[in-house]
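Work through the exercises below with the structure open. Try each task before reading its solution.

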Amino acid sequence: MTHPTPATDGQNGFRPTRPMPQVPFPQVPFEPERGPVRGPAPEPGGAQGHVPDQAPAPASPGPAAAPAAAPKKPGRDRYLDLLRSIALVRVVCYHLFGWAWLTILFPSMGVMFALAGSLMARSLNRPALGVIRGRIRRLLPPMWAFSVVVLALMFFGGWNPGKDPDNGGTWGWISLVNYFFPVGAPSFPWHLGSSAGLLEDTWPSQAAGPLWYLRAYLWFVIASPLLLWAFRKVPWATLLAPLALTAVVGTGIVTIPGETGNAVTDFCVYGSCWVLGFAHHEGMLAKVPRYLAVSCSAIVMAFGLWWASGHLGPDGWDLNDIPLAQATWSFGFVVILLQYSPSWQQLPGRLAKWDPLITLSNNRAVTIYLWHNMLIMATVPIIDLAYNLPFMDDARWSGALDSTYMLWMFVLTWPLIALAVVGTGWIEDLAAKRSPRLWPDGTKGRKGTRGGRSRKG
């Protein structure tokens, strides 16, 4: 059988291949943000509200007044946690099925960058150098574990970076540094092995796909002190400048060649979403009337779809191939999400039953994002074993498996992700200077108190 090829989420830096139309195999940004816990925003006029300047009313006889309720302890903003979990699930589904409309339904990368920006703004109340160092420390060890496995598989398959057609010679070896500190794009072979082998022969490009996100995230973290300073001085100019730059570098008006151009384009496309995180944390969005914010966002999003309609890429309406459409649609979408941000301390109603999985996915966002694309591909040899069963000689059974192949891949991907969480997720705890945990879904903390979940500050 022909193995399908997984998709990658955009991203200019890695020339992704797309799902093949034959037998269903799919295509790969944390966002995984491992920042400090963000407490709910204080309510205006709360415990320290205005006290009228008048004589107090005489106390009436009767039972003593009940003591004032103690203020709530800051904890996780469960609404933001929910958004991050939805974004991760959408990324997995997109990379598996390659459906272009998912980039419109929920622009995951813009959402994750905005959440990361909000957490970064909160952390920058502390000295900037220490915050940047802490963010990098939490990011790199999980990436190192992933990179060691990927590089070992590529070297075992016979890859020689010195003979890489894109980065040959000494530069091919030097570019391996990006597997351990993602300041640029890592080198990798576009084809390794055989198309009839255990994995489809483009697997290295799919494995390296997530690293574009870590590169963009790293540069946003490094630039955040300057961006936050600029935002506090000239908020609207800082917020909208990345959109204007995207209109220049993302439309061909100015072309920056190579990986430098890809990195600059990524920075511009998602820069406004990152700064929207600042605006959310600083309370700027709350000052804008909701009807005005939603109306303006709808106009910006409509422009994004209009632009996309005249600049469709090789995969049609996939916004990852249309930078200006991606930037404007993501920007408007995120504004609306953050305008309606309820800042839950607990998930309400029926959402409460998803609390353990949402907690787990937020505690292991880096692990899930890094490994999921390889794990999607790993489902193929597992499912192919079913073709060796005796009854699969019957065309009806083999045809049934062919027609449901993608469904089985979807089903198998999640147990494999769970294994990755157990097997390597604890590295995220060590990177954050916490005791390692195999399955941090918050259930132990809830047995005593809801405040029992570990902080990630």
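Three exercises follow, on a model that is predicted.

**Exercise 1. Pocket lining**

Task: Find which element gives the most to the lining of the second largest pocket.

Solution:
- Start with the pocket itself, whose volume is about 550 Å³.
- Its lining is made by 18 residues, and nearest the centre lie Ser85, Val89, Leu357, Ser361 and Trp414.
- Two or more lining residues come from each of α1 (78–97), α13 (355–363) and α16 (405–424).
- Of the elements, α1 gives the most, with six residues.
- Sorted by class, the lining holds 15 nonpolar, two polar and one charged residues.

**Exercise 2. A nonpolar surface patch**

Task: Decide whether Ile222, a member of the nonpolar patch, is buried, partly exposed or exposed.

Solution:
- The patch covers about 630 Å² and consists of Trp171, Ile174, Val177, Phe181, Val183, Trp219 and Ile222.
- Helices α5 (169–174) and α7 (211–233) are the elements that each supply two or more of its residues.
- Ile222 sits in helix α7.
- Its relative accessibility is 35%, so Ile222 counts as partly exposed.

**Exercise 3. Positive phi**

Task: Ser343 has a positive phi, and so has Lys433. Which of these counts as buried, and which as exposed?

Solution:
- Most residues other than glycine have a negative phi.
- Ser343, with phi of about 50 degrees, lies in the loop between α12 (323–339) and α13.
- Buried means under 20% relative accessible area; Ser343 has 19% and therefore counts as buried.
- Lys433, with phi near 60 degrees, belongs to the loop between α17 (426–431) and α18 (443–448).
- The cut-off for exposed is over 50%; Lys433 has 66% and therefore counts as exposed.

Methods. Residues are numbered from 1 along each chain as its sequence is written. This is a predicted model: local features need pLDDT of at least 70, side-chain atom pairs count only at pLDDT 80 or more; totals for chains, interfaces and linings use all residues. Side-chain values use heavy atoms; hydrogens and water are left out. Patches are made of residues with over 30% relative accessible area and no salt bridge: like charges are joined within 9 Å, nonpolar side chains (Val, Leu, Ile, Met, Phe, Trp, Tyr) within 5 Å. Accessible areas come from the Shrake-Rupley method with a 1.4 Å probe; for residues, only the protein chains shown count as cover. A salt bridge is a side-chain nitrogen of Lys or Arg within 4 Å of a carboxyl oxygen of Asp or Glu. Helices (H or I, at least four residues) and strands (E, at least two) are DSSP runs, numbered from the N terminus. Buried means under 20% relative accessible area, exposed over 50%, partly exposed in between (1.4 Å probe, protein chains only). On a 1 Å grid over the protein atoms alone, a cavity is a set of points where a 1.4 Å probe fits but cannot get out, and a pocket is an open set with protein on both sides within 12 Å along at least five of seven lines; lining residues have an atom within 4 Å of a point. Grid points are joined across faces, edges and corners, and a volume is the space filled by probe spheres set on the points. Ala, Val, Leu, Ile, Met, Phe, Trp, Tyr, Cys and Pro count as nonpolar, Asp, Glu, Lys and Arg as charged, and the others, Gly among them, as polar.
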